[in-house]
Amino acid sequence: MSIDGMSKHWLGLLFMIALFGTYACSTSSTATDNQSDQSTETSEIKSLDEISPPNPDPRVGLQAGLFDAEEAIWNLNMLSHTPPPEDFVGSTNSDLAFKGNYAIQGNYNGFMVWDISNPASPNLVVDFLCPASQSDVSVYGNLLFVSGEGLGGRLDCGTEGVNKQASKERLRGIRIFDISDIENPEYVSNVQTCRGSHTHSVLDDPNDDENVYVYVSGSAPVRPEEELPGCSDAPPSEDPNSALFRIEVIQVPLDNPEDAKIVNSPRIFENLTEAPTHGMSPADMEQIRKAEEEGAFVAEVFGQKRIIPDRYVQQMLAQVVKQRGGEGEPTAQDSAMLRENIGQMIEERFGGNDDDGEENLMENRGPNQCHDITLYPEIGLAGGACEGYGLLLDITDPASPQRVDAVADSNFAYWHSATFNNEGDKVLFTDEWGGGGQPKCREKDPMEWGANAIFTISDDNKMDFQSYFKMPAPQTPQENCVAHNGSLIPVPDRDIMVQSWYQGGISIFDWTDPNNPVEIAYHDRGPVDSTRMQMGGSWSVYWYNGKIVNSEIARGLDIFELKPSPYLTKNEIAAANTVTFEQLNPQGQPKYDWPATFALAKAYIDQLERRNGLSMDQLTSAREQIANAENASGSNQSKILSGLATELDRQASSSSQTAKVNKLVDTLQKLAE
């Protein structure tokens, strides 16, 4: 890819991903559980203003290990931890999709299908070898979509890779499998794209029952035209068909998925300028200073000092030896030559030398690709996390998404993904600082960097920044830790999210008040290695049908359940567990609707207690009457519920939580029918 396609900032990011994004694992052993007993079965409901997490934070100072790392857990129960199968050990686990009782886990070597009907003992039913990083997965009915972007992905799923610079054997795009028989996936089709598919999003158009649409986010360099005709990385002003500054929309006919094809390449980034950026944090500068003192290779690359990893230094030293016609170990002169020129050599390798005296047609332009696009079809919007911007897209016409708003933030380095709240009047964006391969949760790292940013959405679809949230426990320099994937937990009337933080573990937090997000649960392990950065941690974690399923990059699959606490009661958890789906995709957000149940009514009462919406006498009376109704049946049950609804309806206007009381009344009336 030429320098014209990217600004120096994004080239720098690509550089970091390329250098630091190679994952590796080591030995295995048995996991241990260090969970503390925070049982609150007899709930003492508390306001989130009174939250009291374990102190000192047990996540700080956990012992390292691949499968024997020390763990800390709060307000969660771990139901199971299952290591990956042999062919997938040492290869990066990526995203998760869900269908029925199955969790489908992507991996750089392919994908795995787990039967999670018994969450305490998931059963591996398929480990499908088909390398092509990063193998993010989605499902729709009996179709499975898998992203491929890495240069080694083959059309035939072969494991030997592709060695040629341009090859018709290479797969970069979307693979489509038929999983009617999920234990025997059938590879039926693929759609090749110019930049491959880093991730993708599946959109079900309620007005089109014949097709499903796939939005493709490709972030890799544009492939050569001799490999895929029509691919160009020229500026759009020079080539209107350039693969830059656009996403791809694939239409998949449900009856003939083998006919899937690109139907649009909308340029949703038009007229955006380069986003503001920030420099290094105090922790970064301290690390650079220490590395220089210790004699490490430190170079200014794309305008910023960086520590060059040893493995990359060794590769370049070998290159220096080869270029001078030598053999064997590098000499002191080779090392000195590399130390003097390594910055320039890296920029040349990654296409960073743009000082050619010619006009840079890409200068000061904004993003040219998205990382993730989160679809929320019920509200007709999508959240695009696109390099230096967070976008709001109108997706009411699935084939032609339109940008309706864009925000930038100098505290954000790389907008990664988005999550809407259920009402669709808030959106949370994540910042994957360093591409996920860097520590950004060290003690001196700013809490605004590598964090979440929360926005409200106005009626005219404009985003307004409210606050940041970051996993609060300091992590070591050997733990890659930034905001990553997660999902809403369907607790009624609350915006609660479970989220991955790589080796920062998983965090559950309440952002109902967008100006005061509060952590209410977590799980964390020590680093994979205590002496050096080894990739690991939570890639993605999602709530699905009452369980929390975590894709651990190096360690396999974790399954948790929520544990009642003063900040999330047993009744609220029970109400959340009444929401179920037949399928769930990482970048497709469903709208939650809660059936009228006793659990929902009791959850509302707990929330009224937490916010002082009714007096304790009123709450006690309501709880007693609901208990009586649950033990009654037929007309007696209806009579009790109707009477309570009438009583609460009279009290609603004097409550500080009138809307909540009205929801409780409505639930009781429906139960009485």
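I take a residue as buried when its relative accessible area is under 20%. With that cut-off I noted that both Cys 370 and Cys 386 are buried. The model I examined is a predicted one.

**Entry 1: the chain as a whole**

I began with the secondary structure and recorded nine helices and 32 strands. The radius of gyration is 26 Å, close to the 26 Å that the globule rule gives for 673 residues, so I regard the chain as being as compact as a globular protein of that length. Along the principal axes, the C-alpha atoms fill a box of roughly 95 × 55 × 45 Å. I then looked up burial and found that 58% of the 673 residues count as buried. The accessible surface comes to about 26700 Å², and carbon and sulfur atoms hold 43% of this area. Of the contacts with a separation of 6 or more, 64% are between residues 24 or more positions apart.

**Entry 2: disulfides**

I searched for bonded cysteines and obtained four disulfides. In sequence order their pairing reads 1-2, 3-4, 5-6, 7-8. I describe three of the bonds here, among them that of Cys 130 and Cys 157, with sulfur atoms 2.0 Å apart. This link is left-handed, at -65 degrees about the S-S bond. Cys 130 belongs to the loop between strand 6 (123-129) and strand 7 (134-140), and Cys 157 to the loop between strand 8 (143-148) and strand 9 (173-178), so the bond ties together parts that are 27 residues apart in sequence. Cys 130 is buried at a relative accessible area of 3%, and Cys 157 is buried at 10%.

I returned next to Cys 370 and Cys 386, whose sulfur atoms are 2.0 Å apart in a disulfide. Their link is right-handed, with 70 degrees about the S-S bond. Cys 370 is in the loop between helix 4 (332-349) and strand 17 (372-376), Cys 386 is in strand 18 (residues 381-386), and the two are 16 residues apart.

I also examined the disulfide from Cys 441 to Cys 481, at 2.1 Å from S to S. Its torsion about the S-S bond is about -70 degrees, so I entered it as left-handed. The bond links distant parts of the chain, 40 residues apart: Cys 441 in the loop between strand 22 (426-431) and strand 23, and Cys 481 in the loop between strand 24 and strand 25 (486-489). Cys 441 is buried at 4% relative accessible area, and Cys 481 is buried at 0%.

**Entry 3: aromatic rings**

I counted 20 aromatic pairs. In one of them, Phe 455 and Phe 465 meet edge-to-face, 5.7 Å centre to centre and with 70 degrees between the planes. Phe 455 lies in strand 23 (residues 452-457) and Phe 465 in strand 24 (residues 463-469), so this pair ties together parts 10 residues apart in sequence. I found Phe 455 buried, at 4% relative accessible area, whereas Phe 465 is partly exposed at 34%.

Phe 469 and Trp 501 also form an edge-to-face pair, with 6.4 Å between centres and 70 degrees between planes. Phe 469 is in strand 24 and Trp 501 in the loop between strand 26 (496-500) and strand 27 (506-510), so the pair ties together parts 32 residues apart in sequence. Phe 469 is buried at 6% relative accessibility, and Trp 501 is buried at 0%.

I further noted a cluster in which ring pairs link Phe 412, Trp 415, Phe 429, Phe 455, Phe 465 and Tyr 468.

**Entry 4: charges over rings**

I found Arg 59 over the face of Tyr 522, 3.5 Å from the ring centre. The charged end of Arg 365 sits over the ring of Phe 245, at 4.1 Å from its centre.

Technical notes. Residues are numbered from 1 along each chain as its sequence is written. This is a predicted model: local features need pLDDT of at least 70, side-chain atom pairs count only at pLDDT 80 or more; totals for chains, interfaces and linings use all residues. Side-chain values use heavy atoms; hydrogens and water are left out. Rings of Phe, Tyr and Trp (its six-membered ring) pair if their centres lie within 6.5 Å; planes under 30 degrees apart count as stacked, over 60 as edge-to-face and the rest as tilted. Helices (H or I, at least four residues) and strands (E, at least two) are DSSP runs, numbered from the N terminus. Buried means under 20% relative accessible area, exposed over 50%, partly exposed in between (1.4 Å probe, protein chains only). A charge sits over a ring if NZ of Lys or CZ of Arg is within 6 Å of the ring centre and within 35 degrees of the ring normal. The radius of gyration is taken over C-alpha atoms; the globule rule is 2.2 Å times the number of residues to the power 0.38. Contact means heavy atoms within 4.5 Å. Accessible areas come from the Shrake-Rupley method with a 1.4 Å probe; for residues, only the protein chains shown count as cover. A disulfide is a pair of cysteine sulfur atoms within 2.5 Å.
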